[in-house]
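Thank you all for making the time this morning. I would like to walk you through one structure, beginning with the chain as a whole and then moving to a few places in it.

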Amino acid sequence: MPNEISKDELSYNEKVELFKELIFGKAANDDFEPKKRVSHKEKSIFPKEKLVVSTSKVEQSSSDFAVGGKGNASSTAQLILKAAEEVFLRDGFAAATTSAIAKSAGVTHAMLHYYFNTKENLFKHIFQQKLAELIASLQNAFGNSNLPFVERIVSGAQRHFDFLKENPRLPAFVMRDILGHPLRSAMIGMYFKQFYSSTVSDLQQQADELAERGEIASVKITDLLLDIASLNVFAFLIKPAAETLKELYATTPESFLERRKQEIAETLRRRLRP
């Protein structure tokens, strides 16, 4: 199988897939569900031994897409992943359809099937990508040890807020499609372990030293981070209703977010005051 596809020429296998679609019509209705009986128990789509099971071609495409779509990865796979992210974040896993993803990406149903095979495979790519982005944002946000402790916390909270502002549909996506499913939510813990073992332990040690000297109030960092997550996330969960509350807030939805960002910063400063 070739590693790269030009815009003007399809590979042999892709021609075969397109020919099959022309002859037999769209594949497996809309979600490429396997035609076999399955257990009534929920089947994990996140195998322990490997988080994504796919061809090396798709894995390389996904990796390159996550860092800006550069390299030799197929532009077709990148378009599909970008479209899948938009559809999953907008509609959720249950309501999302592969035909909608294919249409948004500007590719045929057979081409989507060729690269990712099932809706579950696509979801796994998006799930892992968004979790990786979230963890990276948290590490960058709270990992600046050069700042005074209180400003390190405030700066981290504000950078996390800005990350959510760039990904406003992510909080609803996590609550709807991740936390409501035990198999998926369990995976979050695996991603957070590294963050907790490094950044959180460092913050707690610094907080304990400052509290002992009377420079800040005593605080448990895990509780403080949960407070920050709650305050930040809720601002975006309620944002769709901000337009209806504009008379109460006397502001636009955009100004509402900026106002919340500053209010959260002041709340954290007051919490840490000795």
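Among the contacts in the chain with a separation of 6 or more, 69% are between residues 24 or more positions apart. Please keep in mind throughout that what you are looking at is a predicted model. The chain has 13 helices and 0 strands, and of its 274 residues, 40% are buried.

Let me turn to the aromatic side chains, where the count comes to 8 aromatic pairs. One of them is formed by Phe-123 and Phe-127, which are stacked, with 6.2 Å from centre to centre and 20° between the planes. This pair is called stacked because its planes are under 30 degrees apart. Both residues belong to helix 6, which covers residues 119-142, and because they are 4 residues apart there, about one helical turn separates them. As for their surroundings, Phe-123 is buried and Phe-127 is buried as well.

A second pair, Phe-161 with Phe-236, is tilted, with 4.9 Å between the ring centres and 55° between the planes. Here the partners come from separate helices, Phe-161 from helix 7 (residues 149-166) and Phe-236 from helix 10 (residues 221-237), so this pair ties together parts that are 75 residues apart in sequence. Phe-161 counts as buried because its relative accessibility is 2%, and Phe-236, at 5% relative accessibility, counts as buried too.

Coming back to Phe-123 and Phe-127, I should add that they belong to one aromatic cluster together with Phe-88, Phe-93 and Phe-173. One member of that cluster, Phe-93, has the charged end of Lys-119 sitting over its ring, 4.5 Å from the ring centre.

How does helix 6 lie against helix 9, roughly parallel or roughly antiparallel? The axes of helix 6 and helix 9, the latter spanning residues 182-212, come within 11 Å and cross at roughly 15°. Because of that angle, helix 6 is roughly parallel to helix 9, and the crossing in which helix 6 passes helix 9 is right-handed. On the side of helix 6, the residues making the contact include Phe-123 and Phe-127, along with Leu-131, Ile-135, Leu-138 and Phe-142, while on the side of helix 9 they include Met-187, Ile-188, Tyr-191, Phe-192 and Phe-195.

Leu-138, which I have just listed in that contact, also leads us to helix 7, where we find Arg-159. Arg-159 and Leu-138 are 21 residues apart along the chain, and their C-alpha atoms are separated by 8.1 Å. If we leave aside the neighbours within four places in sequence, Arg-159 is in contact with Asn-140 and Ala-141. With a relative accessible area of 42%, Arg-159 is partly exposed, because partly exposed residues fall between the limits of 20% and 50%.

Finally, let me move to the segment after helix 13 (253-272), where Arg-273 is found. Is Arg-273 buried or exposed? Its relative accessibility is 52%, and therefore Arg-273 counts as exposed. Measuring by C-alpha atoms in the model, we find Arg-273 and Gly-214 at 9.5 Å in space, although their positions lie 59 residues apart in sequence numbering.

Technical notes:
Residues numbered from 1 in each chain as written. Predicted model: local features only at pLDDT ≥ 70, side-chain atom pairs only at ≥ 80, totals over all residues. Heavy atoms only, no water. Phe/Tyr/Trp six-rings, centres within 6.5 Å; stacked < 30°, edge-to-face > 60°. Helix = DSSP H or I, 4+ residues; strand = E, 2+ residues; numbered from the N terminus. Buried < 20%, exposed > 50% of the residue type's maximum accessible area, 1.4 Å probe, protein only. Lys NZ or Arg CZ within 6 Å of the ring centre and 35° of its normal. Axes fitted to C-alpha atoms, helices over the stretch in contact; angles between N-to-C directions. Parallel < 35°, antiparallel > 145°, perpendicular 65-115°, else oblique. Left-handed = near helix turned anticlockwise from the far one by under 90°. Contact = heavy atoms within 4.5 Å.
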